[in-house]
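Q: I am new to this structure and would like a close look at one part of it. Could you take the sheets and the helices packed on them, and then follow the surroundings outward from there?

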Amino acid sequence: MNERDPLKLSLDVLRHYAQCFLGRWGDLREGVSEFPPLDPDEEARLRLAEALAAGGEVPVAQWSEPIRLRSIFDRIEPALPPDRAGGYPLQALDRRRETLFPQRPRPAATEGEYRALARSLREALQGAEAFARGHPAAQIAGLLGAMARFAWCVPAASAAAFEDISLYDHGRVAAALAALLAEAPDEALRAWKAALRNGADAPPVALLIKGDLSGIQDFLYQVSGKGTARGLRGRSLYLQLLSEAVALFLLRQLRLPLVNLLYSSGGHFWILARPADAERLADLQRAVDRRLIAFHGMDLGLILGEVPLRPADLRPGGLKAAMDELAARIRARKLRRFADLPAGDWALLLRTTPDSTEPGDWTDCAVCGQVGRRGREIREVEGNVRKCLRCLSFEELGRQALDMSAVAWIVRAEDDGPAGEAASSSNWADPLAAFGLGVVLFNAQGEPIGDLPLPRDGEWALVWAVGSRAWDLQVRRRIAEQLGGLPTAFVPRFVLRYAPRVTAEDRERFKARYEARGEEMPEEGSIRDFEILEGWSTGIQRLGVLRADLDGAGTLFSEGLGPRMTLSRLVALSSTISRFFEGYVETLCRQCDPRRGGSGVIYALYSGGDDLFIVGAWDAVADLAGALRRELDAYTGGHPRIGLSAGLTLHGGRESAQRMAEAAGEALEEAKGYRGPDPGRQKDAFAFLGPVMPWRPGEVFHEVLRWRDRFVAIVDEETGAGEGRPRRRAGRGRSVLFALIRWALRIQRERARGRPGAQAILGPWLWQLPYFLARWQEMAEEGSGTEKLLREMRRDWERMGPAEASARIEAIWGPAARWAELLTRRGEGREAP
């Protein structure tokens, strides 16, 4: 590396922060030798980089005492009181709740915990240097991976200004800025330093680039036909890989190290580049477009937006205007995605559609609709079902993902450029190769999964350690051997893998159903079809489709941190949100899955950025939705500004994925449109089985859950459920449910006719209900659960006025009764819910 090479200075900055931590809490004489000292010029650039990252707050990487990293959510406006501050455990990063969730109130840290973490970091640095084999990019990535695993929970300093920013997040932002400052002239450094100190105007010091992969939802959901479930897991993983491939391609083209990729999740990424790189963005946009068009036509595209960052923007609170401008540019460019496409590229776009005048038996793919020639681009499988090669490759990728413990990115010497082939004739790895990357999946033993050949022209390999086994030293050595001894870097990365597998019991239970249609059962060990998931539901047999996302994520990033916002703190916020959606959601799915039939009934299709898409047996997915909101509340300390909206819809297992996704999306939008009686209470609600339910702790949703459980209990008591014998015929308890459902629907119909939202809906049912409650109570067995419940409902009714009674039926008793009725319905339940 040259003396002023961006990679060298970036590596030196990361080494500096690691050395500061080891020098304070570890013993540098053990294992990792002291890194070469910085010369005065490097030292000056390092100090400016860390000052820009921290908004002028210095010094960092100094600890007067051991303290726990404070939750970044404590800094969101309005700030939580000090007694609710949370602190993270001092341990290696993993998916477990006890690792990812802050403890409240924040417990004290001990010197022993810090020293143990320093020992682990030192060992990780040893391994990173050994695997990198002196390759600069691999050294940076390996050191970054070691810090991501062991410095994610360490505050950047014990000073109050840094206690909510991890050493990992601050270190990588400072290293990214250092890469930009490496080649800057001395006079520019002096001007930037003065402007950061006094807020004066100065030329931009950096360029923040945002990339959005557009078309994701249509690409993922606009599929249909038999075996759709098996391909969706592969499609979801492919989109994550493709987004990352684009980001890594841009970094290489801009000669920037991995640390300059500040954020990458959910099809979005941020890159910190030089101000002069703005002149190259049009060419880079075209280079990416040509590769995406070659394989996907107009289905997928990249939206690039950029905004210059001046020193004044990096002062505390100064980033808001820049973030707002960046968001506006992205929105505007989404509306004119192909407006700047050159004429020659339009020709390429048209060539991606197969020329049907060529000889051959032309047909289409039953999953994605792609046109191709039978026996070439289109194959017949599973009882003459037609599938294109690309969809078949997604199914194979989905099967491989179930056993995946690591993903190796092999950075090739040269990219292959756009292939110009029709999408139906490519497999999932071809578009990634066009960006100069080979991708190989590895299992927990460090063996390659699948039969794709390993690229032999690689320069180095970046390995995502997805599973915990991938961190075992022997497994890492095995992976490095399989990669042909390339310089290798291991970094932790959460990738959603949870999916239910077909069991022998499935094949026995559902065999007749498939045979009646002349279809083959999916093989044991493959991903369960939607129809099998539907068949394992409790009560009515339906597939539940859940879509959810964080409320106002864009505003949260641009305004949430208020005057405390710095670039390091902004990156820390994005990291913390990603750990929940990319990491903990999989853990929560495993915990909430009842694992019926020996396998799971929850299928986590997508979770990244700030949203998710999950399907499965409807009752299990409904319970998961409630757990998801409760856990987000615990994760964020119950911050009033952070909410989650969700929509859950019920479907038949053979319905198209597109229709399911659209219906769940409509329910999500309905939830996001919630407006409570309090003018400040909006969104953060759950759309399911009737009126939208606000679901913060203590709100309507939790009352619905309480009454649902009580209604289920009385039906189970009457029918003998859970006592090891067949259900008896339902009695008065079920009659109560039907009456409540009927009256709630009457109120909803009246409201749909134009009654004001806050107006009580009054009708004869309000006077019929107490009569029927009294009659049912008289007929119920004294002391039974039904009799006790009816007595309590009568007492509640007597305390309520007409308006409150109407609201109780519509918002609580009606939805709870419907939920309970679906859970206790007997038989196949094929009628519409």
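A: What follows begins with the sheets and their helices, moves on to the empty spaces, and ends with the cysteines and some details of the backbone.

The model is predicted, and the values given here are computed from it. One part to begin with is an open sheet of four strands, whose order is β2-β3-β1-β4 and whose pairing is antiparallel. At its edges stand β2, residues 261-265, and β4, residues 301-309; each has a single partner strand, so one side of each is left without a neighbour in the sheet. From one strand to the next, the twist averages 15°. Within this sheet, strand β1 (residues 206-214) and strand β3 (residues 268-273) are joined by six bridges in the antiparallel sense, and Leu208 stands opposite Leu272 in β3.

Two helices can be described against this sheet. Helix α9, made of residues 228-253, lies across β1, β2, β3 and β4 and runs at about 10° to β3. Helix α19 also packs on the sheet, where it touches β2 and β3, and its direction makes about 25° with that of β2.

Helix α19 leads on to another sheet. Six strands form this open sheet, in the order β15-β16-β14-β17-β18-β19, and here the pairing is mixed. Its edge strands are β15, residues 602-608, and β19, each of which pairs on one side only. Helix α19, which spans residues 567-592, packs on this sheet and touches β14, β15, β16 and β17 (644-651), with a direction that makes about 175° with that of β15. Inside the sheet, strand β14 (residues 543-550) runs antiparallel to strand β16 (residues 611-617), and seven bridges join them; Ala548 stands opposite Leu612 in β16.

With the sheets in view, the empty spaces can be placed. The structure holds six cavities of 30 Å³ or more, and the largest cavity has a volume of about 540 Å³. This largest cavity is lined by 24 residues, and Tyr168, Arg172, Ser264, Pro492 and Arg493 are the closest to its centre. The elements that give two or more residues to its lining are α5 (136-150), α6 (167-181), β2, β12 (458-465), β13 (488-492) and α19. The largest share of that lining, five residues, comes from α19, the helix that also touches β2 and β3 of the four-stranded sheet.

Apart from the cavities, the largest pocket holds about 1300 Å³ of space. Its lining consists of 46 residues, of which Lys210, Asp212, His268, Lys334 and Asp610 lie nearest its centre. Helix α11 (residues 319-334) provides the largest share of this lining, with seven residues.

The cysteines come next. The structure holds zero disulfides. For Cys153, the closest cysteine sulfur is that of Cys20, and the distance of 17 Å is too far for a bond; Cys153 is also buried, with a relative accessible area of 0%. For Cys368, the closest cysteine sulfur belongs to Cys391, at 3.6 Å. That distance is still too far for a bond, because a disulfide needs the two sulfur atoms within 2.5 Å. Cys368 itself counts as partly exposed, at 26% relative accessibility.

The backbone offers a few further details. Most residues other than glycine have a negative phi, and most peptide bonds are trans. Against that background, the peptide bond from Glu77 to Pro78 is cis, with omega near -5°, and Pro78 is found in the loop between α2 (40-53) and α3 (97-100). Another cis peptide bond joins Arg104 and Pro105, with omega about -5°, and Pro105 lies in the loop between α3 and α4 (111-132).

Positive phi values bring the description back to the end of the six-stranded sheet. Asp684, although not a glycine, has a positive phi of about 45°; the residue is found in the loop between α21 (657-672) and β18 (685-687) and counts as buried at 2% relative accessibility. Leu689, which is likewise a residue other than glycine, has a positive phi near 55°. Its place is the loop between β18 and β19 (693-694), and at 13% relative accessibility Leu689 counts as buried.

Notes: Residues are numbered from 1 along each chain as its sequence is written. This is a predicted model: local features need pLDDT of at least 70, side-chain atom pairs count only at pLDDT 80 or more; totals for chains, interfaces and linings use all residues. Side-chain values use heavy atoms; hydrogens and water are left out. Buried means under 20% relative accessible area, exposed over 50%, partly exposed in between (1.4 Å probe, protein chains only). Two strands pair if DSSP finds at least two bridges between them. Contact means heavy atoms within 4.5 Å. Axes are lines fitted to C-alpha atoms, for helices over the stretch in contact, and angles run from 0 to 180 degrees between N-to-C directions. On a 1 Å grid over the protein atoms alone, a cavity is a set of points where a 1.4 Å probe fits but cannot get out, and a pocket is an open set with protein on both sides within 12 Å along at least five of seven lines; lining residues have an atom within 4 Å of a point. Grid points are joined across faces, edges and corners, and a volume is the space filled by probe spheres set on the points.
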